[in-house]
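Work through the exercises below with the model open. Each task is followed by a stepwise solution.

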Amino acid sequence: MTRPAPITSLQNSHVKRLVRLRTRREREQEGVILIEGAREITRAAASGVSLSTLFTCPELFSPEAAQVAPTLSALPELELSRAAFEKVSGRENPDGLLALAPTPRAALPEPGPSAVTVVLHGLEKPGNVGAILRTADAAGADAVIVLGRGADPFGPNVIRASQGSVFTLPVAVMDEQDAQDWLAAHAFTTVACTPDAPRTYWDAPLTGRVALLLGTEHEGLPAHWRATDHSVSIPMNAARGADSLNVATAAALVLFECARQRRAAVSA
């Protein structure tokens, strides 16, 4: 069978659709997500995401993309020219692979006795959300809850920043009341991460079912989310003017302290 010629026109309907799908509103209207990059597509497929269409540009293939592309041969594929692929890509140096998939509808798992859930309130920067997802995955967290209309956890930039971890752990978008009800129903100890807390994060009990609550860097958590079982802070070298950390860095410190305390409890 003759392989179809690559799509070259920037006015092609597929190209124009992919450009539109870079906006959250268009993705939500269609109920689809864009997954770009060999690593991200591989992790999505391995996690059970049902990829629907593959767009390729062999001229742009990285060594990893060249290895991954043949494993996706069962998918409907459309080849784009270099110019067309660069038009739809959100990256400076795309690797020539992009896939469409239905928007995941992750259900929160039944939490175990030592479950760790990360709750993100109002985070708007995709890089921060993606980095927290990647760290939560690495530290062994069980789920992430994204509250409200912050950064789209399944947006292309979050997927990229998470290196595909958004597909390997449950990520649920919830309204605040539903999240509070779920945490209460499962008897989570809630831990607010806030700069003005008197207790440092390594002194707080972080074993058992724990929900780590993180807000934006400029506003932090609202009052009704700071009324928790524990509030923790990260000590700063105030003598040099430091008064806060990037929220993704703060999340990493507290998540790995959770992991340390759990390992210590098992070893005791």
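**Exercise 1. Describe the second largest pocket: its lining, its volume and its chemistry.**

Solution.
- Step 1. Count the lining. The second largest pocket has 16 lining residues, and those nearest its centre are Thr103, Pro104, Arg105, Phe154 and Val173.
- Step 2. Assign elements. Helix H2 (24-30), S1 and strand S7 (171-174) each give two or more residues to this lining.
- Step 3. Get the volume. The second largest pocket holds about 270 Å³ of space.
- Step 4. Sort by class. Its lining splits into 9 nonpolar, 1 polar and 6 charged residues.

Keep in mind that this is a predicted model.

**Exercise 2. Which residues lie closest to the centre of the largest pocket, and which helix gives the most to its lining?**

Solution.
- Step 1. Start from the volume. The largest pocket has about 360 Å³.
- Step 2. Find the centre. The lining has 22 residues, and Cys193, Thr194, Pro195, Leu245 and Ala250 are the closest to the centre.
- Step 3. Rank the elements. Helix H10 (residues 247-267) gives the most, with 3 residues.
- Step 4. Sort by class. The lining of the largest pocket has 12 nonpolar, 7 polar and 3 charged residues.

**Exercise 3. How many cavities of 30 Å³ or more does the whole structure hold, and what lines the largest cavity?**

Solution.
- Step 1. Recall the principle. Empty space shows up when a probe the size of a water molecule is rolled over the atoms.
- Step 2. Apply the cut-off. Searching the whole structure gives 1 cavity of 30 Å³ or more.
- Step 3. Read the volume. The largest cavity contains about 60 Å³ of space.
- Step 4. List the lining. Arg22, Leu34, Ile35, Glu36, Gly90, Arg91, Pro156, Asn157, Ile159 and Arg160 line the largest cavity.
- Step 5. Map the lining to elements. Strand S1 (32-36) and helix H7 (156-162) supply at least two residues each. H7 gives the most, with 4 residues.
- Step 6. Sort by class. The lining of the largest cavity comprises 4 nonpolar, 2 polar and 4 charged residues.

**Exercise 4. Work out the strand order of the 4-stranded sheet, then place helix H1 on the sheet.**

Solution.
- Step 1. Write the order. This open sheet runs S1-S4-S2-S3, and its pairing is mixed.
- Step 2. Mark the edges. S1 and strand S3 (77-79) are the edge strands, each pairing on one side only.
- Step 3. Add the twist. Neighbouring strands are turned by 20° on average, direction ignored.
- Step 4. Check one pair. Strand S2 (residues 53-56) and S3 run parallel, joined by 3 bridges. Leu54 stands opposite Glu77 in S3.
- Step 5. Place the helix. Helix H1 (residues 13-20) packs on the sheet and touches S1, S2, S3 and strand S4 (97-102). The directions of H1 and S4 make about 70°.

**Exercise 5. Treat the 6-stranded sheet likewise. Why is one side of each edge strand left without a neighbour in the sheet?**

Solution.
- Step 1. Write the order. The 6 strands form an open sheet, S7-S6-S5-S9-S8-S10, with parallel pairing.
- Step 2. Explain the edges. S7 and strand S10 (230-232) each have a single partner strand, so one side of each has no neighbour in the sheet.
- Step 3. Add the twist. The average from one strand to the next is 25°.
- Step 4. Check one pair. Strand S5 (residues 116-121) and strand S9 (residues 210-214) pair in the parallel sense over 5 bridges. Val118 has Leu212 as its bridge partner in S9.
- Step 5. Place the helix. Helix H6 (residues 126-139) packs on this sheet, touching S5, strand S6 (143-147) and S7. Its direction makes about 175° with that of S5.

**Exercise 6. Characterise the domain span that UniProt lists at residues 34-107.**

Solution.
- Step 1. Read the record. The unreviewed UniProt entry lists these residues as "domain: RNA 2-O ribose methyltransferase substrate binding".
- Step 2. Take the end-to-end distance. The end C-alpha atoms of residues 34-107 lie 21 Å apart.
- Step 3. Add the secondary structure. The span is 30% helix and 22% strand.

How values were computed: Residues numbered from 1 in each chain as written. Predicted model: local features only at pLDDT ≥ 70, side-chain atom pairs only at ≥ 80, totals over all residues. Heavy atoms only, no water. UniProt positions renumbered as here; feature names shortened; annotations may be inferred. 1 Å grid on protein atoms, 1.4 Å probe; cavity = no way out; pocket = protein on both sides within 12 Å on 5 of 7 lines; lining within 4 Å. Points joined across faces, edges and corners; volume = space filled by probe spheres on them. Nonpolar A, V, L, I, M, F, W, Y, C, P; charged D, E, K, R; others polar. Pairing = 2+ DSSP bridges. Axes fitted to C-alpha atoms, helices over the stretch in contact; angles between N-to-C directions. Contact = heavy atoms within 4.5 Å.
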